[in-house]
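The following questions and answers explain how terms are applied to a protein model. Each answer sets a value beside the definition it must meet.

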Amino acid sequence: MENKQKGDRVIEHPKRRAIHELAEDLDLDGIMFFNGFDDEILGMTEGLSQVCYSKRRILLKLMTESDMQYEDAIDYFEFNILGLYVGVGTPIIIDDTMIE
């Protein structure tokens, strides 16, 4: 799990913290995240315990923070994020690229 450090304290992203709290309340195990993309979280699936991410936001982050061109961001996204499967709790990508 990726957390941000501030001094000796561990600072967890608010969206990630909220999902962890919900998972604890509902007694869900195996919640998985894409490290480095907490701002791109949209929410969770109902009943399946999967975190949902915005494809549009991930691509924007790759282009702005990693200085990638659109085509490079798509290639990186498809190979390293969309193609990742680590079991039942693998996060879901919502294709919201057509939504403004």
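Helices (H or I, at least four residues) and strands (E, at least two) are DSSP runs, numbered from the N terminus. The structure is a predicted model, in which local features need pLDDT of at least 70, side-chain atom pairs count only at pLDDT 80 or more, and totals for chains, interfaces and linings use all residues. Residues are numbered from 1 along each chain as its sequence is written, and side-chain values use heavy atoms, with hydrogens and water left out.

Q: What pattern does the chain follow when read along the sequence?
A: The pattern is β-β-α-β-β-α-α-β. The chain has three helices and five strands.

Q: Which strands form the open sheet, and in what order?
A: Three strands form it in the order β3-β4-β5, with mixed pairing. Two strands pair if DSSP finds at least two bridges between them. β4 and β5 have three bridges and run in the parallel sense, so they satisfy this rule. One of the bridge partners is I93 in β5, which is matched with Y53.

Q: Why is one side of β3 and of β5 left without a neighbour in the sheet?
A: β3 and β5 (92-94) stand at the edges, and each has a single partner strand, so one side of each has no neighbour in the sheet. From one strand to the next, the twist averages 30°; axes are lines fitted to C-alpha atoms, for helices over the stretch in contact, and angles run from 0 to 180 degrees between N-to-C directions.

Q: Which helix packs on the sheet and touches β3, β4 and β5?
A: Helix α2 (residues 55-65) does so, and its direction makes about 55° with that of β4. Helix α1 lies across β3 and β4, running at about 5° to β3.

Q: Why are F34 and Y53 called a tilted aromatic pair?
A: Rings of Phe, Tyr and Trp (its six-membered ring) pair if their centres lie within 6.5 Å; planes under 30 degrees apart count as stacked, over 60 as edge-to-face and the rest as tilted. By this rule the count is one aromatic pair. The centres of F34 and Y53 are 4.9 Å apart and their planes make 45°, so the pair is tilted. F34 lies in the loop between α1 (14-25) and β3 (41-44), and Y53, 19 residues away, in strand β4 (residues 51-54).

Q: What makes the charged end of R16 sit over the ring of F33?
A: The rule asks that NZ of Lys or CZ of Arg be within 6 Å of the ring centre and within 35 degrees of the ring normal. The charged end of R16 is 4.3 Å from the centre of the F33 ring, and therefore meets the distance limit. The charged end of K61 likewise sits over the ring of F37, at 5.3 Å from its centre.

Q: Why is H13 called buried?
A: Buried means under 20% relative accessible area, exposed over 50%, and partly exposed in between (1.4 Å probe, protein chains only). H13 has a relative accessible area of 14%, so it is buried. H13 lies in the loop between β2 (9-11) and α1. F34 and Y53 are also both buried.

Q: With which residues is H13 in contact, leaving aside its neighbours within four places in sequence?
A: Those residues are D38 and D39, where contact means heavy atoms within 4.5 Å.
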